[in-house]
Amino acid sequence: EMVLIPAAKLRMGSNDPTKEDENPEHHVEMSAYYIDKMEVTNLQYKEFVAVTGHRSPSHWRFNTFPDARKLDHPIVNVSWEDAAAYAEWVGKRLPTEAEWERAALGDGRTEYPWGSSCNAESANFDNADGGTTPVEQHNRGVSPVGVWDMCGNVSEWVNDWYDVRYYHDSPESDPQGPEDGHQKVHRGGAYHENRNGIRAKGRH
């Protein structure tokens, strides 16, 4: 299931001097687009592996996830190439950094999808559950535009190359990221990170 994210202006990044790659805060005009409502689950990814013969994650055995109780948990241990291949297989693509941040924060005025303070009812972080949790568990953490688990649980790959200074020169509308680079970006933090690590404006 996908969610339509309406066209709007996003306040992207931050002016925190200790987080150089988030500087400066800037406004971006965003066109409308669709994004998945939930993180990709083990069950969904298993179908992809079974149909295409794509390599399975390193912790899987016999092309399936090891714990059958986690069919509705998000897939882990996938590379950027794996994530891009899955997206292409289902007729989609990875979001840009700007699209991810818009889906997570709405207009971009808060630290987290649900507000400015972090709590265990809104996200899976600090390893409180000892691992991933089902993609529909944290209903108090749904973003203003209706997307789940944007912060915590597992981080999400985006399409952009990483550049520490990209925000200084990025376009004013629908930025697509640097033309090339050495590392891809993932956003949102994961279950084993602290409240700072899962900030929606944090770049990894």
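Where is Thr133 found? Look in the loop between helix 3 and strand 5, and you'll spot Thr133 there. Before going further, keep in mind that this is a predicted model.

Let's stay with Thr133 for a moment. Sitting in a loop doesn't leave it out in the open here: Thr133 counts as buried because its relative accessibility is 3%, under the 20% cut-off. Its side chain makes a polar contact of 3.2 Å with the side chain of Asn124. Setting aside neighbours within four places in sequence, Thr133 also touches His73, Pro74, His138 and Asn153, along with that Asn124.

Now step back to one of the elements that flank this loop, helix 3. How many residues of helix 3 are buried? The count is 9 of the 9, so the helix is largely enclosed by the rest of the structure. That list isn't just nonpolar names: Glu97, Glu99, Glu101 and Arg102 are among the buried residues, and so are Trp100 and Leu105. Just after the helix ends, Gly106 takes a positive phi of about 75°.

Helix 3 also takes us to the largest nonpolar core, which has 28 residues. Ile5, Trp100, Ala103, Trp114, Val147 and Ile198 have the most contacts inside this core. As a general background point, nonpolar side chains in soluble globular proteins tend to be buried together. Several elements supply at least two residues each to this core: strands 1, 2, 3 and 4, plus helices 3 and 4. Which of them gives the most? That's helix 3, with 5 residues.

Ile5 is a handy place to see how these pieces meet. Leaving out neighbours within four places in sequence, Ile5 is in contact with Ser31, Ala32, Tyr33 and Ile35, and also with Arg102, Ala103, Val145 and Val147. Apart from this core lies another one, of 8 residues, including Phe48, Ile75, Val78 and Tyr86.

Back on strand 1, have a look at Val3. With 13% relative accessibility, Val3 counts as buried. Its C-alpha atom is separated by 5.6 Å from that of Lys37, although the two residues are 34 apart along the chain. Lys37 is also one of the contacts of Val3 beyond its sequence neighbours, together with Tyr33, Tyr34, Ile35, Val145, Gly146 and Val147.

Next, some empty space. As a general idea, rolling a probe the size of a water molecule over the atoms shows where empty space is left. Here, the largest pocket holds about 850 Å³. It is lined by 35 residues, and Val40, Leu94, Ser155, Glu156 and Trp157 are the closest to its centre. What kinds of residues make up the lining? They divide into 24 nonpolar, 4 polar and 7 charged. Helix 3 turns up again, since strand 4, helix 2, helix 3 and strand 5 each supply at least two lining residues. This time strand 4 gives the most, with 4 residues.

Our last stop is Arg203, in the segment after strand 6. Is Arg203 buried or exposed? At 8% relative accessibility, Arg203 counts as buried. Its side chain reaches two backbone oxygens: that of Asp21 lies 2.9 Å from a polar atom of the side chain, and that of Asp163 is at 3.2 Å. Beyond its neighbours within four places in sequence, Arg203 has contacts that include Glu22, Tyr162, Tyr166 and His186. Glu97 is one of its contacts as well, and that residue brings us back to the buried helix 3.

Key. Residues numbered from 1 in each chain as written. Predicted model: local features only at pLDDT ≥ 70, side-chain atom pairs only at ≥ 80, totals over all residues. Heavy atoms only, no water. Core = buried A, V, L, I, M, F, W, Y, C linked by side-chain atoms within 4.5 Å. Buried < 20%, exposed > 50% of the residue type's maximum accessible area, 1.4 Å probe, protein only. Contact = heavy atoms within 4.5 Å. 1 Å grid on protein atoms, 1.4 Å probe; cavity = no way out; pocket = protein on both sides within 12 Å on 5 of 7 lines; lining within 4 Å. Points joined across faces, edges and corners; volume = space filled by probe spheres on them. Nonpolar A, V, L, I, M, F, W, Y, C, P; charged D, E, K, R; others polar. Polar contact = N/O pair within 3.5 Å; in protein donor to acceptor, adjacent residues only side chain to side chain.
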